[in-house]
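Work through the exercises below with the model open beside you. Try each task before reading its solution.

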Amino acid sequence: MKRVVITGIGIHSCIGTNVEEVRKSLYNGKCGIGIDPARTEYGYRSPLTGVVPRPELKGVLSRRQRICLPEEGEYAYAATEQALKDAGIDLDYLEKNETGILYGNDSSSKAVIESHEICVEKRDTTLLGSGAIFQSMNSTVTMNLSTIFKLRGINMTISAACSSGSHTLGLGAMFIRLGLQDMIVCGGAQETNYLSMASFDGLNAFSTRVDEPLKSSRPFDKNRDGLVPSGGAATLILEEYEHAVKRGAPIYAEILGYGFSSNGVHISQPSDHGSAVAMERALADANLKPVDIDYINAHATSTVIGDGYEAMAIDRVFGAQKTPVSSTKGMTGHECWMAGASEIVYTLLMMKHSFIAPNINLEEPDDMSKNLNIIVKTLDKNLDICLSNSFGFGGTNSALILKKF
Amino acid sequence: MNRNEIKEIVNNFLIEDIEVEADALKDEAFLKEDLGIDSLDFVDIVVVVEQNFGFKIKPEEMTNVKTLSQFYDYIEGRIKAT
């Protein structure tokens with residue numbers, strides 16, 4: 001089996017639109033959540049959201065490239081442009097060397113809804129414009145990025161709800177381990193427009209702590225009242241180890257383990273058993289024991305049920321050594337389809353700069369979370385091996401283990 | 001609406017919406033070969049013509065429209081016919 005390393009990262013999120021901004025936000029516990037008045041007007045229970053700036057791509061991409069990109073595609077372009085640059089890869093390299101793309105995305109609501117509105121008004125599909133179809137499909141990110149960046153390897157979107165981004169890295173690692181690809185662009189993207197989250201808001205899942213947006217996302221806290229939706233995009237360049245060494249590429253970390261599972265039970269409720277299976281499988285894949293893990297980046301989204309089941313699972317697998325845990329979602333909100341990739345970027349930044357980002361807004365643990373060693377203030381600490389959890393609707397679970405280089 | 005007004009509107013949306021280089025907008029320019037307008041761009045031209053002139057291009061009437069001048073002729077003819 002070949003070894004798999006990460007040689008480039010890029011991020012466009014509510015806590016920063018480049019790696020350095022995000023590193024500072026993570027270290028300082030800075031929250032990127034705010035109010036979107038359009039959500040209230042549209043009928044949301046909660047106007048809270050991660051506030052993500054739109055990249056300005058006029059003059060950067062051609063008209064044809066821009067009109068096929070939906071909002072999440074713009075974020076993904078921005079993150080991927082950064083990640084490729086970070087890995088020392090340019091368009092000339094990509095034209096000469098086969099590179100793949102596996103990217104997480106599970107909606108493109110705005111493009112679909114806007115097309116519907118035009119048809120209702122005009123009763124004529126030929127007035128939708130040429131970009132509508134390419135913006136509307138779930139695979140919009142991979143179809144756009146593969147043409148913009150001249151990618152000629154594996155090319156597909158992974159739709160696995162809030163674990164989409166994490167599964168892209170696990171599956172990408174498998175392609176590289178098997179020797180099928182030398183390099184794959186992986187990541188996750190999430191739209192943040194008000195059209196995209198209405199049905200999720202309708203489940204009463206979102207925090208309504210509108211008077212304190214910066215305190216609204218409170219993973220593991222007894223007084224949490226729901227998650228805060230967020231988004232953007234995160235990209236990671238996966239590369240075969242010898243290939244990276246030959247290129248002289250900077251190496252952030254090696255992917256040691258990928259664990260997956262499906263709960264097979266409830267469409268929205270997570271499971272401690274399924275979560276534990278994913279973590280245990282990742283440990284077995286990495287040939288490691290729980291005691292080898294220095295830090296766990298939890299999925300915890302700030303919902304009572306989700307946080308509770310994950311706390312039970314972490315306690316069951318890692319309780320004996322009280323492994324340090326934090327959820328970065330107090331700062332970022334829940335980045336959904338992007339979260340599994342962005343949280344690997346966050347974890348890599350912690351590993352590179354030797355700190356654990358705080359689980360902000362955890363003031364009073366509940367009966368489940370009190371058993372965990374949750375880091376509530378930034379902790380300067382050398383991190384060698386870390387695990388990141390991602391869980392999604394339908395019970396799709398993913399856990400990844402990384403080792404610092 | 002006279003021909004000069006039509007030319008101004010068409011040239012303006014070709015520059016602003018389709019991002020054709022202004023210098024390339026010559027009467028004898030071929031839409032495809034000189035201006036780089038492909039089949040997907042033409043889908044967008046249908047939309048901007050409807051927005052600017054209030055009628056929809058009929059694809060079968062465009063088969064002989066090859067140059068920019070012929071495109072102005074087509075728009076002018078449709079306006080006169082209404």
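The exercises go from single residues to helices, then to domains and chains.

This is a predicted model, in which local features need pLDDT of at least 70, side-chain atom pairs count only at pLDDT 80 or more, and totals for chains, interfaces and linings use all residues. Residues are numbered from 1 along each chain as its sequence is written, while chains are lettered from A and ligands numbered from 1 in the order in which they are written.

**Exercise 1. Three residues**

Task: Classify A:Arg316, A:Asp380 and A:Ala249 as buried, partly exposed or exposed.

Solution.
- Start with the rule: 20 or more other C-beta atoms within 10 Å of a residue's own make it buried, 12 or fewer make it exposed, and anything in between is partly exposed; C-beta atoms are placed from the backbone.
- A:Arg316 has 17 C-beta neighbours inside 10 Å, so it is partly exposed.
- A:Asp380 has 9 C-beta neighbours inside 10 Å, so it is exposed.
- A:Ala249 has 20 other C-beta atoms within 10 Å, so it is buried.

Task: Place each of these residues and list its contacts beyond four places in sequence.

Solution.
- Elements are DSSP runs numbered from the N terminus: helices are H or I with at least four residues, strands are E with at least two.
- Two residues are in contact if their C-beta atoms, placed from the backbone, lie within 7 Å.
- A:Arg316 sits in helix 13 (residues 304-318) of chain A. Its contacts are A:Asp272 and A:Ala276. The C-alpha atom of A:His273, 43 residues away along the chain, is 9.5 Å from that of A:Arg316.
- A:Asp380 belongs to strand 13 (residues 379-380) of chain A. A:Asp380 contacts A:Ser354 and A:Phe355. From A:Asp380 to A:Ile148, 232 residues apart along the chain, the C-alpha separation is 40 Å.
- A:Ala249 is in the loop between helix 11 (241-247) and strand 8 (253-262) of chain A. A:Ala249 contacts A:Thr7, A:Ala87, A:Gly88, A:Glu239 and A:Ala244. A:Leu227 is 22 residues from A:Ala249 in sequence, yet 38 Å away C-alpha to C-alpha.

**Exercise 2. Helix 8**

Task: Explain why helix 8 of chain A counts as largely enclosed, and find what covers it.

Solution.
- Count first: 7 of the 9 residues of helix 8 (residues 140-148) are buried, so the rest of the structure largely encloses it.
- The buried residues are A:Thr140, A:Val141, A:Thr142, A:Met143, A:Asn144, A:Leu145 and A:Ser146.
- Their cover includes helix 4 (71-86), strand 4 (100-104), helix 7 (132-136), strand 5 (155-158) and strand 6 (183-190) of chain A.
- After the helix comes A:Lys150, with a positive phi near 60°.

**Exercise 3. Helix 15 and its partners**

Task: Check the length of helix 15 of chain A.

Solution.
- The expected span is 1.5 Å times one less than the number of residues.
- For the 15 residues of helix 15 (residues 339-353) that gives 21 Å, and the end C-alpha atoms are 21 Å apart, so the two agree.
- Helix 15 is mostly covered, with 13 of its 15 residues buried. A:Ser354 follows the helix, with a positive phi near 55°.

Task: Describe how helix 1 and helix 9 of chain A pack on helix 15.

Solution.
- Axes are lines fitted to C-alpha atoms, for helices over the stretch in contact, and angles run from 0 to 180 degrees between N-to-C directions.
- Angles under 35 degrees are roughly parallel, over 145 roughly antiparallel, 65 to 115 roughly perpendicular, and the rest oblique.
- Helix 1 (residues 19-28) packs on helix 15 at about 80°, with the axes 10 Å apart. The pair is therefore roughly perpendicular.
- A:Val19, A:Val22, A:Arg23 and A:Leu26 of helix 1 meet A:Tyr346, A:Leu349, A:Met350 and A:His353 of helix 15.
- The axes of helix 9 and helix 15 come within 4 Å and cross at roughly 70°. Helix 9 and helix 15 are therefore roughly perpendicular too.

**Exercise 4. Domains and chains**

Task: Which element gives the most to the side of domain 1 of chain A that touches domain 2?

Solution.
- Domain bounds come from an automatic or database domain assignment. Chain A has domain 1 (4-247) and domain 2 (256-404).
- Their C-alpha centres lie 21 Å apart. The contact takes 60 residues from domain 1 and 57 residues from domain 2.
- Helix 9 gives the most on the domain 1 side, with 8 residues.

Task: How many residues of chain A and of chain B are in contact?

Solution.
- 6 residues of chain A contact 8 residues of chain B.
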